[in-house]
Amino acid sequence: MDEVDKIRSEINLVDERILEALANRRKLAEQIIQAKEVAGSPIRDFSREERLLADLIAKGRGQGLDAHLVTRVFHEIIDDSIRSQQLHLLDYGKTGPNRVAFQGIEGAYSELAGRKHFAPYLDQTVFTGVDTLEQVVNSVEDGDVDYGLLPVETTTAGSINEVYDLLSVAQLSIVGEEVLRVEHCLLAIDDVPLANIRQIYSHPQALAECMKFVAKLPNCQAMPYADSAMAVKKVRDGQDLNAAAIASEEAGKLYGLKVLRRNIEDQQNNFTRFLILARKPSAVDLRIPCKTSLIMATSHEEGSLLRALSLLHEYKINLTKLESRPIPGMPFQYIFYIDFEGNTAEARIGEAIEKLRSATTSLKVLGSYPAQHRAKTSPRVEILASGAPETGAEAPEQPAGKKEKIGYKLASRDHKPDDTIIAVRGVRIGGPGFVVIAGPCAVESREQIHKCARYVRECGGQVLRGGCFKPRTSPYSFQGLGFEGLQMLAEAGREYDLPIVTEVLSPADVEPVARYADILQIGARNMQNFSLLSEAGRSNRPVLLKRGMMSTMDEFLNAAEYILDRGNHQVILCERGIRTFETATRNTLDLGSIPILKRLTHLPILVDPSHAAGKRELVIPLALAAHAVGPHGLIVEMHPEPEKALSDGPQALHFSEFADLMRRIYQS
Ligand code: PEP
Ligand code: MN
């Protein structure tokens with residue numbers, strides 16, 4: 001046996017031990033739910049989960065494991081435990097046989113969703129494909145099957161109207177939901193070059209989700225077909241080398257087609273939500289977080305919808321969806337579909353529904369069912385940051401300022417007294433929290449940005465930065481890797497579960513950059529580029545607007561006003577130093593602007609000590625000073641090898657310095 005084989009067999013043994021440990025853990029989850037039933041305890045205890053994670057992270061670190069790895073692995077393990085505890089409390093599906101109808105043929109996305117949903121009971125579940133969504137409903141109503149699966153919304157197209165119309169007349173209850181990540185493949189009978197493809201068959205929905213990909217293929221026609229798996233079968237039966245289908249990889253395997261390209265969907269996060277329908281509602285244990293769906297109509301009078309919705313507000317019910325559909329035969333009158341968090345078996349929800357009956361002209365409760373989304377407990381940033389080496393620091397109290405004259409409206413506290421909090425993939429910027437955005441000045445290579453992302457995550461940084469389009473003083477300096485760099489940045493962000501921010505230089509780039517970036521940055525040099533501000537104002541991505549190096553606060557807030565006025569209310573301001581007569585620093589960090597801006601505006605405010613300092617050794621002192629004046633966070637440049645950086649190397653922190661900064665910020 002050579003060395004590689006020897007090590008591999010050791011790895012195999014370790015993997016087996018991991019499996020054994022997982023199986024043991026699952027058995028304990030089954031035991032604990034019974035003990036919890038006796039004790040009447042809830043399934044989840046978030047503070048225990050947080051303590052557990054903190055403890056595991058500390059122990060993992062002691063053994064040289066990343067906090068991110070430990071968090072990711074235990075998120076899955078904890079989620080599995082919650083899922084099996086919830087399954088224990090649920091009745092439906094358990095006492096098979098389960099007959100399930102879906103639209104399409106074997107390999108269709110609906111069938112995949114069904115398999116995922118009934119995964120614990122697959123041996124007693126039979127799936128039947130039917131031609132139309134209406135037939136799915138009919139076969140449940142007629143008792144031919146026990147459950148029906150209907151796709152109800154997709155992340156690209158939004159609601160599927162036909163399903164809402166069917167739900168309004170069907171005599172059925174919703175007993176479950178399932179969310180499927182839809183990853184489309186281009187499939188053909190052989191490994192042909194993409195340029196040879198002339199026809200692409202698929203369900204219109206799948207074609208719409210890959211519209212940009214299809215449009216790029218020369219002389220290629222999109223051919224709508226009843227279902228994606230049927231399209232695969234059609235391509236297989238046709239044996240035409242110029243034809244392809246868009247469907248799941250599973251459908252390709254099932255019908256023997258080759259994958260020409262994977263993940264061809266235009267949006268990276270492409271999900272479809274399905275509902276599971278049955279003839280009777282299914283009671284759900286109160287310990288399982290539920291959603292409830294209902295359909296209602298309100299009288300055709302002013303304020304009637306508002307009255308109904310305020311009732312929900314009165315009972316502190318959190319709406320997750322509100323959809324309107326025209327009532328057939330009654331022009332400009334609508335019925336409303338509502339999803340909210342809660343279970344009709346709860347007294348509070350029951351009461352709210354009773355009151356809602358008198359505030360509506362019709363009301364149909366479609367059912368309460370376990371919510372598919374299970375929140376993940378995150379380790380507190382203090383826990384992550386405290387992994388860095390020892391030293392100390394303290395921060396003074398915030399100074400107060402005085403009111404100035406204003407030349408803007410929407411950005412002002414008069415317009416909106418409360419702090420704006422911008423939520424980006426679970427990270428909240430603004431309000432009481434403090435976030436750190438970090439990363440290199442510019443994305444230089446896949447390896448460089450992955451290293452940065454991993455380290456940012458490890459130290460508790462919440463957002464990853466990296467310039468792909470660089471505004472450089474000299475045209476001969478490195479200009480950034482453009483869209484290629486953006487792909488690398490997005491990939492690193494996904495890998496380490498960090499939202500990403502990157503600068504956009506021209507109005508034409510706003511839309512394509514926004515497809516990948518979670519936050520768009522408008523740099524100091526472009527703070528008064530009004531066409532860029534307007535275009536960013538039309539985007540639905542948050543905008544990180546940096547203060548121009550020659551700008552007053554009034555000009556700064558008016559620049560933000562451009563974005564707000566065009567409809568984008570998610571603006572984050574960033575003080576990054578201004579140009580003064582002083583040359584000892586790259587710019588002069590105007591820390592006085594922070595308390596002043598905080599009084600003038602509700603928008604979140606960050607400080608960038610890196611571009612202000614221009615020199616690495618000044619970054620930590622300035623960052624600590626900035627932290628003391630009360631901004632909502634920092635944006636800092638760091639690099640695995642600052643000496644070799646292609647831009648702004650002299651101001652980039654080494655990783656160890658970044659760790660030190662994080663520990664000092666979150667310890668103070
Ligand atoms: C940057 O953040 O990389 C940048 C170019 O910043 P500024 O626009 O503040 O100079
Ligand atoms: Mn820079």
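**How much space lies in the second largest cavity?**

Let's warm up with the cavities of this predicted model.

**Exercise 1. Describe the second largest cavity: its volume, its lining and the elements that supply that lining.**

*Solution.*

Step 1. Start with the volume: the second largest cavity holds about 60 Å³ of space.

Step 2. Turn to the walls. The lining of this cavity is made of 13 residues, and those that lie nearest its centre are Tyr164, Leu167, Ser293, Asp339 and Leu366.

Step 3. Sort the lining by class. There are 10 nonpolar residues, 1 polar residue and 2 charged residues.

Step 4. Trace the lining back to the secondary structure. Helix α6 (161-169) and the strands β11 (271-278), β12 (290-297), β14 (330-341) and β15 (362-370) each bring at least two residues. The most comes from β14, with 3 residues.

**Exercise 2. Now do the same for the largest cavity, and say how many cavities of 30 Å³ or more the structure holds.**

*Solution.*

Step 1. Count: the structure has 3 cavities of 30 Å³ or more.

Step 2. Give the volume of the largest cavity, which is about 270 Å³.

Step 3. List the neighbours. Of the 16 residues that line the largest cavity, Arg83, Leu87, Leu90, His117 and Pro370 lie nearest its centre.

Step 4. Find the elements behind the lining. Both α3 (67-89) and β5 (173-181) supply at least two residues each.

Step 5. Classify. The lining of the largest cavity has 7 nonpolar, 5 polar and 4 charged residues.

**Exercise 3. Which residues form a nonpolar patch on the surface, and is leucine 19 buried or exposed?**

*Solution.*

Step 1. Look for the members of the patch: they are Val14, Ile18, Leu19 and Leu22. Together they have about 350 Å² of accessible area.

Step 2. Place leucine 19, which sits in helix α1 (residues 3-39).

Step 3. Judge its accessibility. Leucine 19 has a relative accessible area of 57%; exposed means over 50%, so leucine 19 is exposed.

**Exercise 4. Examine the salt bridge between arginine 454 and aspartate 66: how far apart are the closest N and O atoms, and where does each residue lie?**

*Solution.*

Step 1. Recall the idea: side chains of opposite charge can pair when their charged atoms come close.

Step 2. Read the distance. In the pair of arginine 454 and aspartate 66, the closest N and O atoms are 2.6 Å apart.

Step 3. Locate the partners. Arginine 454 belongs to helix α14 (residues 446-459), while aspartate 66 is in the loop between α2 (46-62) and α3; the pair links distant parts of the chain, 388 residues apart.

Step 4. Check the accessibility of each. Arginine 454, at a relative accessible area of 40%, is partly exposed. Aspartate 66 has 15%, and buried means under 20%, so aspartate 66 is buried.

**Exercise 5. Work through two further salt bridges, then place them in the whole structure.**

*Solution.*

Step 1. Take arginine 446 and glutamate 491, whose closest N and O atoms are 2.9 Å apart. Arginine 446 lies in helix α14 and glutamate 491 in helix α15 (residues 482-495), so this salt bridge ties together parts that are 45 residues apart in sequence.

Step 2. Compare the accessibility values with the classes. Arginine 446 is partly exposed at 43% relative accessibility, and glutamate 491 is partly exposed at 27%.

Step 3. Move on to arginine 566 and aspartate 565, which form a salt bridge at 2.6 Å, N to O. Arginine 566 is partly exposed, with 35% relative accessibility, and aspartate 565 is partly exposed, with 48%.

Step 4. Widen the view. The whole structure has 45 salt bridges. One network of salt bridges links Glu153, Glu177, Arg273, Lys291, Lys321, Glu323 and Asp339. You have met Asp339 before, among the residues nearest the centre of the second largest cavity.

**Exercise 6. What distance separates the C-alpha atoms of glutamate 76 and alanine 628, and of leucine 410 and methionine 330?**

*Solution.*

Step 1. Glutamate 76 is in helix α3 and is exposed, with a relative accessible area of 51%.

Step 2. The C-alpha atoms of glutamate 76 and alanine 628 are separated by 37 Å, with their positions 552 residues apart along the chain.

Step 3. Leucine 410 is found in the loop between α13 (381-385) and β16 (422-424). Its relative accessible area of 23% makes leucine 410 partly exposed.

Step 4. Leucine 410 and methionine 330 are 80 residues apart along the chain, and their C-alpha atoms are separated by 39 Å.

Note on methods:
Residues are numbered from 1 along each chain as its sequence is written. Chains are lettered from A and ligands numbered from 1 in the order in which they are written. This is a predicted model: local features need pLDDT of at least 70, side-chain atom pairs count only at pLDDT 80 or more; totals for chains, interfaces and linings use all residues. Side-chain values use heavy atoms; hydrogens and water are left out. On a 1 Å grid over the protein atoms alone, a cavity is a set of points where a 1.4 Å probe fits but cannot get out, and a pocket is an open set with protein on both sides within 12 Å along at least five of seven lines; lining residues have an atom within 4 Å of a point. Grid points are joined across faces, edges and corners, and a volume is the space filled by probe spheres set on the points. Helices (H or I, at least four residues) and strands (E, at least two) are DSSP runs, numbered from the N terminus. Ala, Val, Leu, Ile, Met, Phe, Trp, Tyr, Cys and Pro count as nonpolar, Asp, Glu, Lys and Arg as charged, and the others, Gly among them, as polar. Patches are made of residues with over 30% relative accessible area and no salt bridge: like charges are joined within 9 Å, nonpolar side chains (Val, Leu, Ile, Met, Phe, Trp, Tyr) within 5 Å. Accessible areas come from the Shrake-Rupley method with a 1.4 Å probe; for residues, only the protein chains shown count as cover. A salt bridge is a side-chain nitrogen of Lys or Arg within 4 Å of a carboxyl oxygen of Asp or Glu. Buried means under 20% relative accessible area, exposed over 50%, partly exposed in between (1.4 Å probe, protein chains only).
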